[in-house]
Amino acid sequence: MIAFDIAALRRIGLTTPIAARLALHDRGRPARVASVHRTVLVLHDGLREFPARPHPSLDASLAVGDWVLFHLNEQDEAWVHTLVDPLNELVRRDAHGTRQRLAANVDTALLVMGLDGDFNLRRLERYLMVARSCDVAPVIVLTKGDLVPDADTKAAQVGARLPATVPVVRAHPQEAGAADALAPWTGEGQTLVLLGTSGVGKSTLTNTLTGARQQTGGVRKGDDRGRHTTTSRSLHLCAGGACVIDTPGLRSWQPDADEDDVNAAFDDIETLAAHCRFHDCSHVEEPGCAVRGAVDADRLRNYHKLLREVRHAAATPLDRIAERARWKVLNKMARAQAKR
């Protein structure tokens, strides 16, 4: 079993489950990945940050938040030779369907959305599904409320549309009060990841929580779209013992999820569906549906859209043909009903 400094590693998120996994290994020094570049990693061992390289024998894609084991060569260069099995990982798929690991060993995802032109409930629901699919607890953080006159109305829409079990926090990232509002999720040993589009205040919030000095920027005039000031994912330490992983802005996100993950994110629909007349009700046109009318219509449409996405990603060519035929029938029924 390797020896490690528990007090130091607790500063970078060491928990009992991680310590148990580290104890399974018999060689190397433990550290956590703080950032990933093309050929170089930055590791943190609880005392300092330092550069490292993945050993050629390491057959793994590393992400910020991973726990690893490394050794020093004769030139005092750090080489990572082992990836400790992560507790969870935040993953998306690119346009070609390839899995991309974004972060690992995360407890809470802060889903940051501006109440200005960034306001998009469908995208927020997608982020919520991604967090749930990765076994990460979501917290909604609403920013930019001081910039628009209808901030209260929009915040009320978020609360009315999402399940009551999802915490919603309004914060001004640049103010110290933001740290107080998020204190329940920034205790010792906790790891948070910030997700949202560019310009919503993720880096500013990271600076407030950790005292980091990351560059921040505003939004473009005219469309409220953010400027990309964060170009890579990075891990930062909070004074209270939590870790925060900041991420670049993401507008498109193909989730690495399945139908169960969609249903978990839309658990209100799943609960109501138990009362539908037909056990296989699709909540489109069937009589006796307990979902239609009880759930926001746009939320239900987004639910169907995300279901189609994950089914398409998992389907064989024959499955896709059958699914298209099924939806043609359902859409024809809906158009006929609308004409009555």
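Before you click anything, one term: a contact means heavy atoms within 4.5 Å. You'll also meet helices (H or I, at least four residues) and strands (E, at least two), which are DSSP runs numbered from the N terminus.

What you have open is a predicted model, where local features need pLDDT of at least 70 and side-chain atom pairs count only at pLDDT 80 or more, while totals for chains, interfaces and linings use all residues. Residues are numbered from 1 along each chain as its sequence is written, and side-chain values use heavy atoms, with hydrogens and water left out.

**Stop 1: colour by confidence**

Colour the model by pLDDT, the predictor's confidence in each residue, from 0 to 100. The protein averages 86, and 88% of the residues score at least 70. Now select residues 218-230: here pLDDT stays under 50, and the model has 31 contacts for this stretch beyond four places in sequence.

**Stop 2: helix 6 and its cover**

Next, select residues 202-210, which make up helix 6. How many of its 9 residues are buried? The count is 7, so this helix is mostly covered. (Buried means under 20% relative accessible area, exposed over 50%, and partly exposed in between, using a 1.4 Å probe and protein chains only.) The buried residues are Lys202, Ser203, Leu205, Thr206, Asn207, Leu209 and Thr210.

What does the covering? Show strand 8 (108-114), strand 9 (137-143) and helix 5 (177-181), then add strand 11 (191-195), strand 12 (234-237) and strand 13 (243-246); the cover of those buried residues includes each of them. Before moving on, click Gly211, just after helix 6, which takes a positive phi of about 75°.

**Stop 3: three strands side by side**

Select strand 1 (residues 29-36) and strand 4 (residues 67-72). They run antiparallel and are joined by 4 bridges. (Two strands pair if DSSP finds at least two bridges between them.) Look for Ala31, which stands opposite Val68 in strand 4.

Now add strand 5 (residues 78-83), also antiparallel to strand 4, with 5 bridges joining the two. Across this pairing, Leu72 stands opposite Ala78. The hairpin of strand 4 and strand 5 has 5 residues between the strands, and in it Asp76 takes a positive phi near 65°.

**Stop 4: a pair of rings**

Keep strand 4 on screen and look for aromatic pairs; the whole structure has 2. Rings of Phe, Tyr and Trp (its six-membered ring) pair if their centres lie within 6.5 Å; planes under 30 degrees apart count as stacked, over 60 as edge-to-face and the rest as tilted. Show Phe50 and Phe70: their ring centres are 5.2 Å apart and their planes are at 55°, so this pair is tilted. It links distant parts of the chain, with Phe50 in strand 3 (residues 49-54) and Phe70 in strand 4, 20 residues apart. Are these two buried or exposed? Phe50 is buried at 5%, and Phe70 is buried at 4%.

**Stop 5: salt bridges**

The structure holds 18 salt bridges. (A salt bridge is a side-chain nitrogen of Lys or Arg within 4 Å of a carboxyl oxygen of Asp or Glu.) Start with Asp118 and Arg123, whose closest N and O atoms are 2.8 Å apart. Asp118 and Arg123 are both buried.

Then centre on Arg161. One of its salt bridges is with Asp296, at 3.5 Å from N to O. Arg161 sits in helix 4 (residues 151-161), while Asp296 lies 135 residues away in the loop between helix 8 (267-273) and helix 9 (297-314). Arg161 counts as buried because its relative accessibility is 8%, whereas Asp296, at 40%, is partly exposed.

Asp298 also bridges to Arg161, at 3.0 Å. This pair joins helix 9 to helix 4, 137 residues apart. Asp298 is partly exposed, at 22%. Select the wider group as well: bridges that share partners join Arg122, Glu125, Arg161, Asp268, Asp296, Asp298, Arg299 and Arg301 into one network.

**Stop 6: the cysteines**

How many disulfides does the structure hold? It has 0. (A disulfide is a pair of cysteine sulfur atoms within 2.5 Å.) Select Cys289: the nearest cysteine sulfur, that of Cys281, is 3.8 Å away. Cys289 is buried, at 14% relative accessibility. To finish, find Cys134, which is buried with a relative accessible area of 8%.
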